[in-house]
Structure formats: structure tokens, C-alpha cells
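Let's take a walk through the empty spaces of a protein together. Have the model open beside you as we go.

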Amino acid sequence: MTLYDDLGGEPALRRLSDAFYERVLADELLAPVFANFTPTHVERVAIWLGEIFGGPADFTARLGGHQALLNVHLGLGIREEHRQRWLELMQAAIEEVLADRPDLHKTLMAYFDWGTAIAKDVSQEPPGTDLGDPGPTPRWGRDGLVKD
């Protein structure tokens with residue numbers, strides 16, 4: 001069973017994404033970072049997480065995969081204080097949406113810690129930067145990054 005299945009699939013990831021972005025858009029520190037936010041963003045994040053956690057490869061098939069995800073972070077200038085607040089809000093969303101699955105909280109937060117560090121690094125590069133080929137979309141399981 002994949003982490004995706006264990007979480008409850010796409011419906012659970014959509015609820016998590018909704019709960020998280022509701023917090024983000026109301027947050028004084030993070031709302032400006034998401035100034036160009038659209039409701040489509042919530043759906044795309046749920047699709048990305050689905051693929052990361054072992055579900056369908058829909059982000060790669062429909063939305064450009066790992067390269068596209070990295071590229072949307074170019075030029076955002078994410079600072080460590082943004083990253084830490086992002087993690088706090090995600091922790092709160094996880095505790096709300098997956099209250100009945102405390103066994104998964106640590107695994108999810110490990111992924112988000114790892115992923116936000118990458119997003120922060122990439123965000124320092126100007127838009128249009130060639131990041132090279134980042135490879136396929138990573139996969140994350142109960143024990144962390146899944147190695148091929």
C-alpha cells in the first residue's frame with residue numbers, strides 16, 4: 001500500500017490542500033508570497049502530492065512534472081521565515097484534516113521539510129533560469145524518499 005492510499009487518496013489530499021491554503025491566504029507573512037494565487041493552485045498541489053506519495057502520475061502527465069514545479073518557484077525569493085511559517089501552517093492543516101491518522105504526521109512533515117528547502121533554494125534563482133534536468137518526480141513513502 002502506498003502512502004497515497006494510506007492517506008485516503010486524492011479526496012484527502014484535496015482536503016489537506018484546501019485547509020492549508022485557507023490558512024496561507026489569511027496569514028500576514030505568507031499571503032504576499034501567494035499574491036498570484038488562484039483556486040487552480042489548490043488542485044495542482046493536491047495532484048502533485050498524489051504523485052509524490054505514490055498515486056497516479058497525473059502531475060507529470062498533465063502539468064509538466066518535476067521541472068514545471070521547480071520553475072514556478074523561480075524568482076519568488078522565499079526566505080527561511082517564510083519556509084518555517086509554511087511548515088507551521090501545514091502542520092496545523094495536517095493535524096486538522098488527518099486528526100485520525102497521527103501515525104502519518106511525522107512522515108508528511110518530513111516530506112514538507114525536505115520539499116520546502118528545495119523550493120526555497122530554487123526561489124532564489126531568477127525566472128527563466130535553466131535548472132537542468134531535475135529527473136522524474138520524486139516519490140515519498142513512510143520511510144522517506146524512495147530511491148529507484
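What volume does the largest cavity have? In this predicted model, the largest cavity has a volume of about 60 Å³. A search of the whole structure turns up one cavity of 30 Å³ or more.

To find the walls of the largest cavity, pick out Tyr 4, Glu 10, Ala 46, Ile 47, Gly 50, Glu 51, Pro 56 and Asp 58, which line it. Helix α3 supplies the largest share of this lining, with four residues. Sorted by class, the lining of the largest cavity holds four nonpolar residues, one polar residue and three charged ones.

Now let's move from the enclosed space to an open one. The largest pocket has a volume of about 980 Å³, and its lining is made up of 36 residues. If you want to place yourself at the centre of this pocket, look for Tyr 21, His 41, Leu 69, Val 72 and His 73, the lining residues that lie nearest to that point. Two or more residues of the lining come from each of these elements: α3 (39–52), α4 (58–63), α5 (65–73), α6 (80–97) and α7 (102–123). Among the contributors, α7 gives the most, with seven residues.

What is the chemical make-up of the lining of the largest pocket, by nonpolar, polar and charged residues? The lining divides into 25 nonpolar residues, nine polar ones and two charged ones.

Helix α3 is a handy landmark to finish on: α3 gives the largest share of the lining of the largest cavity, and α3 also gives two or more residues to the lining of the largest pocket.

Definitions and conventions
Residues are numbered from 1 along each chain as its sequence is written. This is a predicted model: local features need pLDDT of at least 70, side-chain atom pairs count only at pLDDT 80 or more; totals for chains, interfaces and linings use all residues. Side-chain values use heavy atoms; hydrogens and water are left out. On a 1 Å grid over the protein atoms alone, a cavity is a set of points where a 1.4 Å probe fits but cannot get out, and a pocket is an open set with protein on both sides within 12 Å along at least five of seven lines; lining residues have an atom within 4 Å of a point. Grid points are joined across faces, edges and corners, and a volume is the space filled by probe spheres set on the points. Ala, Val, Leu, Ile, Met, Phe, Trp, Tyr, Cys and Pro count as nonpolar, Asp, Glu, Lys and Arg as charged, and the others, Gly among them, as polar.
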